Amino acid sequence: MSTVAQSHTEGYGHGPARGITRWLLTTNHKDIGTMYLVFSFTMFLLGGSMAMVIRAELFQPGLQIVQPEFFNQMTTMHGLIMVFGAVMPAFVGLANWMIPLMIGAPDMALPRMNNWSFWLLPCAFLILVSTLFMEGGAPNFGWTFYAPLSTTYGPPSTTFFIFAIHIMGISSIMGAINVIATILNLRAPGMTLMKMPLFVWTWLITAFLLLAVMPVLAGVVTMMLMDINFGTSFFDASGGGDPVLFQHVFWFFGHPEVYIMILPAFGAVSHIIPAFSRKPLFGYHSMVYAVVAIALLSFIVWAHHMFTVGVPLTGQIFFMYATMLIAVPTGVKVFNWVATMFRGSLTFEAPMLFAVAFVILFSIGGFSGLMLAIAPSDFQYHDTYFVVAHFHYVLVPGAIFGIFASAYFWLPKWTGHMYDEVLAKTHFWLSFIGMNMAFFPMHFLGLAGMPRRIPDYALQFADFNRVSSIGAFTFGATQLLFLFIVIKCVRGGAPAPAKPWEGAEGLEWTVPSPAPYHTFSTPPEVR
Amino acid sequence: MCVWARRTVALLVGLVTAMDASADWTVNLRPGATGISHDIFGLHMAILWICVAIGVVVFGVMFYAIVAHRKSRGHKPARFHENTTVEVLWTLIPSIILVIMVVPATATLMDIYDTSGADLDIRITGYQWKWRYQYVDDDFGYFSNLVTPQDQIHNRQTKNEHYLLEVDNPLVLPVGRKIRFLVTSNDVIHSWWVPDLGVKKDAIPGYINETWTRIDKPGLYRGQCAELCGKNHGFMPVVVKAVPAPEYAAWVSDQKAAAEQERLLTEKDWTLEELVARGEQVYQTTCAACHQPDGSGAPPAFPALNGSPVATGDANGHIEVVLNGRQGTAMQAFGKQLSEVDLAAVITYERNAWGNHTGDKVTPQDIVAYRKQHSSP
């Protein structure tokens, strides 16, 4: 046994391989984490440029830049790329980098599978993006791809879209298995479950959510595949099928999916706020229980996306109550973060700015979520820009700001350099202003009666749409600044100590910055 | 190049002119014109103010900490990280607020679902991209199409006040009566929505969804399709015209007489010119959205008709496609949507428009004959 271990170390040496093979063949969690993050940011820019097309067309009434067919392809691809290409891989990247460092493990538990689950992603997105150039165009039925619009009436490229979803699903499932195996098996001696850092906790729960719902997504797209190519009628009413079945199955995946995109951000913010408050996290135990409660509830609320499809009254009432219930554990988390800040010793470096904005703006998204949960009111809000405002408030300042906060928080650990604080604060403020300007007016548009997913609109919606577009352009352009800040930080900057943040706690700060290629070859002791 | 230049100019002109366009900064729901829409508005405002109150308290504490507990002010951190009393309280209080909120919400929901005792049934069917209204009790019905001209949509003309929210035939309803809607779809899922009525219901193929309304005051109420239904999803508005009961009764008898007139037209002897002229109108409202006004289509989903083998080949094949549609494609069966006169006219038009010069005349009688021949015994 010892000889095997020895030859293993000698064979690989202590540093990375040279050239492209380092990235193609790597099994190192840090390299794979970096690749996930780079891939995610690339997709963020691609999906973002599609959002720019959407906002440019909606800048004023009338059709100016694109035709409705292409507009629908843009909304669809923007949603798919942001959800599956930007947000989810970013969190997997953070998990890869940070979970082993936080639990004192030398690497992920299944390093070869880790490599494969990453490299599947570029393949999947190459297929997905290539549909834009196919005859008949890319998928144009919205990221929720409701049947029969996506089956009987879908473009020929739908089959490629299904294949891409299958590959992404496989990648996510393997990533989730890896996270679970790592957390359950490779924790440092002494680190009991209730001593785990919250980012690790939230990712553990996220991974179980992924395992539970990605197969459901695979199932629903497989049924579509059969309907389109093999003559079945799962979703075709004229063949005895049921278009509403599609929505039930899709949202059984779709609702836990939205928590998959937010729980890891909850975890990261629960590290950042205590660090910059110089005070321990308030209510660690209730934080863990709240995340578990949110995850469990997420399985029994899916039909709140379907209040207008004609769910029977009792079903409607059940889903309304269950959905409102989620406000309780979510509220507990927000209260805990505020209580952590209260009577702390606060400083506002970029990670803290993003984290505080996360708490405030995510709560606004939570409030509109509570409003949407009231089924009778939802008859007015459903499928309007109010919903667009709601989910952008939970996803942009929620997931995306959570990712930015994490990136600034851990960049010194990754690169060994401090990032440029002035530029980072500029990035924050421009993002904050742009984001609110883009998405807050959407609440008004939805309440005034503007449906979502329309390329052109009535004249009374013109003013707020113009404001929103200007905000979106600001937000979009600002993200290039982030790219610049990261490149600058990778290339140089003030050297970062092992623990660059005064109030930060955790094993990741006990290794030098930048983190060596191999860390925790000998597990640390946790008291 | 030229196109881009024109678009840039259009954009710039738009930018400048938009500044002095009549400003409309509506920020809230409208209370609407029905009991339900008022109830919904009440719920909406209640939950909104509850959220605002919670927000003020929570963020108030947070901003106090942000201002007062800064390191730069020399504030020393406390070490507390648990307090069971507080944690129990802030779990219980939100729960109680939710229970308070749930009571009126449930009552309104039960009201919305109570479709019993309706005075009048209207069947609403969604089509790509128009609505069909059938007055089930009076045995007539019609389609309701967007009438905003393409020139306005493509910025070659000034836009109307009700741009994209105007139709040829609004749904006419009496005020003060309970009206039950039976909502379904012919193709993909649509959603019939009129904000002022507080009614939104998905139109789903294979399902008939029920909902209802009782409108308090006469007027024009505008809405839109709310569920993505393909390329022209943004171009299928809903307009409801609510009129007093006597006016409604008069309108119904007019409609019945007009339906009878339409049936008589089938017997008439039509010339090629008359058919082409009528057919062009039918084509523009019914077919042009997909096959384009010049018959060029948008392949591969929507084939060109100009020079197509169907429109220039055997007339019976052409009738077959128009009447029964093409399974598994976006081509609908128009046999049930259009009258025999309109079917004959549009087919004749397609066979003689653009570069198609077949000289064929398909008469309403031909459609009747085709139907007899192909109907199953």
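So, confidence to begin with: this is a predicted model, and chain A has a mean pLDDT of 94, with 97% of its residues at 70 or more. pLDDT, by the way, is the predictor's confidence in each residue, on a scale from 0 to 100. The weak spot I want to flag is residues 1–12 of chain A, where pLDDT stays under 50 and the model has zero contacts beyond four places in sequence. A contact here means two residues whose C-beta atoms, placed from the backbone, lie within 7 Å. Where pLDDT is low, the predicted coordinates should not be read in detail.

Quick housekeeping. Residues are numbered from 1 along each chain as its sequence is written, and chains are lettered from A and ligands numbered from 1 in the order in which they are written. Local features need pLDDT of at least 70 and side-chain atom pairs count only at pLDDT 80 or more, while totals for chains, interfaces and linings use all residues.

Okay, chain A. What is its secondary structure made of? Chain A has 17 helices and zero strands; these are DSSP runs numbered from the N terminus, with helices being H or I over at least four residues and strands E over at least two. Its radius of gyration is 23 Å, which agrees with the value near 24 Å for a compact globule of 527 residues. That radius is taken over C-alpha atoms, and the globule rule is 2.2 Å times the number of residues to the power 0.38. In chain A, 63% of the 527 residues are buried. Buried means 20 or more other C-beta atoms within 10 Å of the residue's own, exposed means 12 or fewer, and partly exposed is in between, with C-beta atoms placed from the backbone.

Now two helix pairs. Helix 3 (residues 29–57) and helix 5 (residues 111–130) of chain A pack at about 15°, with axes 10 Å apart. Axes are lines fitted to C-alpha atoms, for helices over the stretch in contact, and angles run from 0 to 180 degrees between N-to-C directions. So helix 3 and helix 5 of chain A are roughly parallel. Among the residues making that contact are A:Phe39 in helix 3 of chain A and A:Phe118 in helix 5 of chain A.

Helix 4 (residues 68–103) and helix 7 (residues 198–229) of chain A cross at roughly 125°, their axes coming within 10 Å. That makes helix 4 and helix 7 of chain A oblique: under 35 degrees counts as roughly parallel, over 145 as roughly antiparallel, 65 to 115 as roughly perpendicular, and the rest as oblique. Residues meeting there include A:Met98 from helix 4 and A:Trp203 from helix 7 of chain A.

On to chain B, with 10 helices and 10 strands. Chain B has a radius of gyration of 28 Å, well over the 21 Å from the globule rule for its 377 residues, so it is more spread out than a compact globule. Buried residues make up 35% of chain B.

And how many residues does each chain bring to the contact? It takes 85 from chain A and 88 from chain B. Helix 12 of chain A gives the largest share of the chain A side, eight residues.

One residue to look at: A:Met371, in helix 13 of chain A. Buried or exposed? A:Met371 counts as buried, because it has 21 C-beta neighbours inside 10 Å. Beyond four places in sequence, A:Met371 is in contact with A:Ser377 and A:Tyr381, plus B:Ile47, B:Leu48 and B:Cys51.
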